[in-house]
Amino acid sequence: MRISISDTGVGIPPEAAPHVFERFYRADKSRSRQDGGFGLGLAIVKWIAEAHNGTVELSRHPGSGTTFTVTLPR
């Protein structure tokens, strides 16, 4: 099964891409916890996918969004 989620935001900078699945990582350093988010969501997605022998991939589209694809085996 393959699930893809896309947005139309500003995209993820190249230097942030290797870190987005790390716990507590935030690509936008100006965001605070008061603004929402703890930097755990993508780390949890990766953990769940890998726990089911799956993968999660990131496709960057600078200036026009990001796509995350979760693939799970049968």
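## A nonpolar patch at the start of the chain

On the surface of this model, Met1, Ile3 and Ile5 form a nonpolar patch, and together these three residues have about 320 Å² of accessible area. The model is a predicted one, and the values given in this report are to be read with that in mind. Met1 lies in the segment that comes before strand E1, a strand that covers residues 2–6. Because its relative accessibility is 60%, and exposed means over 50%, Met1 counts as exposed.

## The chain as a whole

The chain contains 1 helix and 3 strands, and when the elements are read from the N terminus on, they follow the order β-α-β-β. The chain has 74 residues, of which 26% count as buried. Its exposed area is about 5500 Å², and carbon and sulfur atoms supply 56% of that area.

A further way to describe the chain is to ask which parts of the sequence touch one another. Among the contacts with a separation of 6 or more, 51% are accounted for by residues that are 24 or more positions apart.

## How the strands are paired

Strand E3, made of residues 65–71, takes part in two pairings. E1 and E3 run antiparallel and are joined by 5 bridges, while strand E2, which covers residues 55–61, also runs antiparallel to E3 and is joined to it by 7 bridges. The residue Thr69 shows both pairings at once, since in E3 Thr69 is the bridge partner of Ser4 and also the bridge partner of Glu57.

E2 and E3 form a hairpin, with 3 residues between the two strands, and in the turn Gly63 has a positive phi of about 80 degrees. How much of strand E3 is covered? The strand is mostly covered, as 6 of its 7 residues are buried.

## Thr67, a residue of strand E3

Thr67 is found in strand E3, and its surroundings can be described in some detail. With a relative accessible area of 14%, Thr67 falls under the 20% limit and is therefore buried. When residues up to four places away in sequence are not counted, Thr67 touches Ser4, Ile5, Ser6, Glu57, Leu58, Ser59 and His61. One of these neighbours, Ser6, is also linked to Thr67 through the side chains, which are joined by a polar contact of 2.8 Å.

## The helix and its salt bridge

The structure holds 1 salt bridge, in which the side chains of Lys46 and Glu50 meet at 4.0 Å, taken from N to O. Why can these two residues be described as about one helical turn apart? The reason is that Lys46 and Glu50 are 4 residues apart in helix H1, which consists of residues 41–51. Lys46 has a relative accessible area of 31% and is partly exposed, and Glu50, at 46% relative accessibility, counts as partly exposed as well.

Gly41 is also found in helix H1. Its relative accessible area is 46%, so Gly41 is partly exposed. Although Gly41 and Val20 are 21 residues apart along the chain, their C-alpha atoms are separated by 9.5 Å.

## Positive phi angles in the loops

Two residues other than glycine deserve a careful look at their backbone angles. Phe24 is not a glycine, yet it has a positive phi of about 70 degrees, and this residue is found in the loop between E1 and H1. Is Phe24 buried or exposed? Phe24 is exposed, because its relative accessible area of 54% is over the 50% limit.

Asn53 lies in the loop between H1 and E2. Its phi is near 60 degrees, which is a positive value in a residue other than glycine. With a relative accessible area of 68%, Asn53 is exposed.

Methods
Residues are numbered from 1 along each chain as its sequence is written. Side-chain values use heavy atoms; hydrogens and water are left out. Patches are made of residues with over 30% relative accessible area and no salt bridge: like charges are joined within 9 Å, nonpolar side chains (Val, Leu, Ile, Met, Phe, Trp, Tyr) within 5 Å. Accessible areas come from the Shrake-Rupley method with a 1.4 Å probe; for residues, only the protein chains shown count as cover. Buried means under 20% relative accessible area, exposed over 50%, partly exposed in between (1.4 Å probe, protein chains only). Contact means heavy atoms within 4.5 Å. Two strands pair if DSSP finds at least two bridges between them. A polar contact is a pair of N or O atoms within 3.5 Å; within protein, one must be able to donate a hydrogen and the other to accept it, and residues adjacent in sequence count only if both atoms are side-chain atoms.
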